[in-house]
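Work through these short exercises with the structure open. Try each task before you read its solution.

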2 protein chains.
Amino acid sequence: MSALRLLDDLSHAAPAAQWLDTILKGDCVAALERLPEKSVDVIFADPPYNLQLDGDLHRPDQSKVDAVDDAWDQFESFAAYDAFTRAWLLAARRVLKPNGTIWVIGSYHNIFRVGATMQDLGFWILNDVVWRKTNPMPNFRGRRFQNAHETMIWASRDAKAKSYTFNYEAMKAANDDVQMRSDWLFPICTGAERLKDENGAKVHPTQKPEALLARVLLSSSKPGDVVLDPFFGSGTTGAVAKRLGRHFVGVEREQAYIDAALDRISAVRPLGEAELSVMTSKRAEPRVAFVSLLDSGLMKPGATLYDAKRRWSARVRADGTLTSDAVSGSIHKVGAAVQGLDACNGWTFWHYERNGGLNPIDDLRRIARLGMERSGA
Amino acid sequence: MSALRLLDDLSHAAPAAQWLDTILKGDCVAALERLPEKSVDVIFADPPYNLQLDGDLHRPDQSKVDAVDDAWDQFESFAAYDAFTRAWLLAARRVLKPNGTIWVIGSYHNIFRVGATMQDLGFWILNDVVWRKTNPMPNFRGRRFQNAHETMIWASRDAKAKSYTFNYEAMKAANDDVQMRSDWLFPICTGAERLKDENGAKVHPTQKPEALLARVLLSSSKPGDVVLDPFFGSGTTGAVAKRLGRHFVGVEREQAYIDAALDRISAVRPLGEAELSVMTSKRAEPRVAFVSLLDSGLMKPGATLYDAKRRWSARVRADGTLTSDAVSGSIHKVGAAVQGLDACNGWTFWHYERNGGLNPIDDLRRIARLGMERSGA
DNA sequence: TCTTCCTGTGAATCGGATG
DNA sequence: CCATCCGATTCACAGGAAG
């Protein structure tokens, strides 16, 4: 792999060697226009999400949430964001090879506008892929569901492009020999992987995990391919591309991000061919919610549960909570309350009746989990 | 619940009893315009996905996949689909109560256009929720990831609407006492739940599972609420609404779907109140003023309160305020001030002494509330 | 050394009643 | 409309301190 360079001025279409494995500094559209058309195999784009935040948010302990309030994420209106989106997507499409594909990641704030614009410009959506976070930030006010995922759109340059790269067999092999699904489970970027400045503050507010980029590139690119990231940020795309034997090109406006990315990428050592071919993924043991036993029919609303010695009982309600004489709540809360204890594992405490005998509801959880594992949950 | 009826003609705004728990036959927009404005609490919409299928798809064994190729799913262009989407969303928004919410489900073929249109019309997205399928159809050609999920958008009528229904406590209790996430796992609708005609063919190509609708309605509606489904199809929304003690209104064009839905819903037996009751949050409990603890003798003027670790203390004054070294005021103000914070919940922060131990004054509030219930206050 | 406790934090569109 | 006040609300990890 060639040495890392930063190109400040690239006023004409350069031979490949000049801009490969570099970061182009400047505005996204202007920089892309300096690249030759049909020159990159894969694009991964993590554009501003256009979060529309209003005032501060505090945790229950009154600490303030460090929100994304950077200038680059501010747009005047949906129309302004749409114009921005259309412009960079057009510029990106020009440099994409006819059989190349593009990935764009976003949240509900922006992904619908991005997806519609992509379709309008002629991109052909191949999949939307959900990144399920193992450790998302909670919803502190209890007013919505915990926002636990982000969405990626994977698209080819146009509907007729049929020869795009998709490493189907590799994905299947990495997924215990069943097809890779459109929902992926990864932790957010924390710990040693998260870039910090000298004060310990995060360098970039939205650094993506390398595992996510690795699956993206392993699924949709080949060794030696050119990967473009028009919103390079802290350089996750470049680091993973280099590690996996792909070339990268980044575009970034902020010098601080560029400096951090160059440092980071220069420390990356590419994998050998042997390692590249055996990369597989692990899966965490799935959590089973009690309510899912109702959903699957393993348990019925109105059913009565007992402790092992039939000293207490409770009825199952439609929303997955229990109710006894005195209290209502989760299987754990009600189990604790009837015994007068602070805590209780409802899965082992409560039993259901079958053939006159009592079985712990944990047996049903085990059955549910088998179903989930079979289905790649 | 009233008997099921089918209204063919509803030429003027009818009293509630006339259109509740019925199916309006006809075009979606025209039918919605016959309903009174601001009359429904929740909308669940499963609009045509605008699948753009090109030729037949065969399984590896050469059997043909029974694709969604119905006339109602055909649109000339993205623009035509957008116009259709805009029209029905506008009509739906008119009949939605100001604090009502709307759910729309779709796939990558249409959900981005739907979401962008919703934002353009002023809907305020609360969450996007992913339905992860335990048993999705495989990708037979091996050219993409297995399309294993669909996306639902949950939105309020506009950004200012803050008082929408979200049964946070119920969702949390049903999910092992942790917040319900934005990714839900359910099987697709199969087996006995799937409606079949006399030939054993499926009645509707995209029948949704009742478990999915149950979670939607349990999370975002209350018993007695009115649930509108403008693309009623085989009536899953109506069946689940009736079972959960909600009213429904459906709109459907095709008589075959209406017949099947009426049959299906009439066989549904509503759950009893005990199974339906939902976890309540503290927010819904009656307010207790701290001074009322003095009035009832649960707290004495001059008593000393401490935080849980006895780092700070304050004395109770006869008017129900606290006073510490530096500040005086409400239990909340003084609690915040001694800690140097902007805000504090005095009920959980301050503790009183009993038998040498410390108990939160929230315990006394609970006792006061019990007294209020007994006396019917 | 090992375990337990405590603190910090991540792409966040995160009140409601009363006057 | 606005201002003021009450008081409800967090999950999974990482890292360091304490026992």
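**Exercise 1. Find the partner of A:R113 in a salt bridge, and place the pair in the interface.**

Step 1. This is a predicted model. Select A:R113 and look across to chain B. Its side chain meets that of B:D120 in a salt bridge, 2.6 Å from N to O.

Step 2. Check the distance. A salt bridge needs the nitrogen within 4 Å of a carboxyl oxygen. The 2.6 Å pair of A:R113 and B:D120 therefore qualifies.

Step 3. Count such pairs. The rule finds 7 salt bridges across the interface of chain B and chain A.

Step 4. Widen the search to polar contacts. Between chain B and chain A, 39 residue pairs are in polar contact, with both residues at pLDDT 80 or more.

**Exercise 2. Describe the side of chain B that touches chain A: which elements and residue classes build it?**

Step 1. List the elements. Those giving two or more residues include α4 (111-121), β5 (124-133), β6 (149-156) and α6 (210-220) of chain B.

Step 2. Pick the main contributor. β5(B) gives the most, with 9 residues.

Step 3. Sort by class. This side of chain B has 38 nonpolar, 18 polar and 15 charged residues.

**Exercise 3. How much area do chain B and chain A bury between them?**

Step 1. Choose a yardstick. Interface size is often given as the accessible area lost when the parts come together.

Step 2. Read off the value. Chain B and chain A bury about 6500 Å² between them, and 51% of it lies on carbon and sulfur atoms.

Step 3. Name the top trio. B:F112, B:R143 and B:F145 supply 13% of the area that chain B buries against chain A, more than any other three residues.

Step 4. Count residues in the contact. Chain B gives 71 and chain A gives 77.

**Exercise 4. Which residues surround DNA strand D most closely, and which part of the strand do they meet?**

Step 1. Collect the surroundings. 33 residues surround DNA strand D; the closest are B:Y168, B:K172, B:Q179, B:H332 and B:R365.

Step 2. Split the strand's atoms. Of those within 4 Å of the protein, 59% belong to sugar or phosphate, and the rest to bases.

Step 3. Look at phosphate oxygens. A polar side-chain atom of B:Y168 lies 2.7 Å from one. For B:N345 the distance is 3.1 Å, and for B:S330 it is 3.3 Å.

Step 4. Assign elements. α5 (168-174) and α11 (331-339) of chain B each supply at least two residues of this surface. The largest share, 3 residues, comes from α5(B).

Step 5. Sort by class. The surface near DNA strand D has 11 nonpolar, 12 polar and 10 charged residues.

Notes: Residues numbered from 1 in each chain as written. Chains lettered and ligands numbered in written order. Predicted model: local features only at pLDDT ≥ 70, side-chain atom pairs only at ≥ 80, totals over all residues. Heavy atoms only, no water. Near = heavy atom within 4 Å. Polar contact = N/O pair within 3.5 Å; in protein donor to acceptor, adjacent residues only side chain to side chain. Helix = DSSP H or I, 4+ residues; strand = E, 2+ residues; numbered from the N terminus. Nonpolar A, V, L, I, M, F, W, Y, C, P; charged D, E, K, R; others polar. Contact = heavy atoms within 4.5 Å. Buried area = accessible area lost by both parts, 1.4 Å probe.
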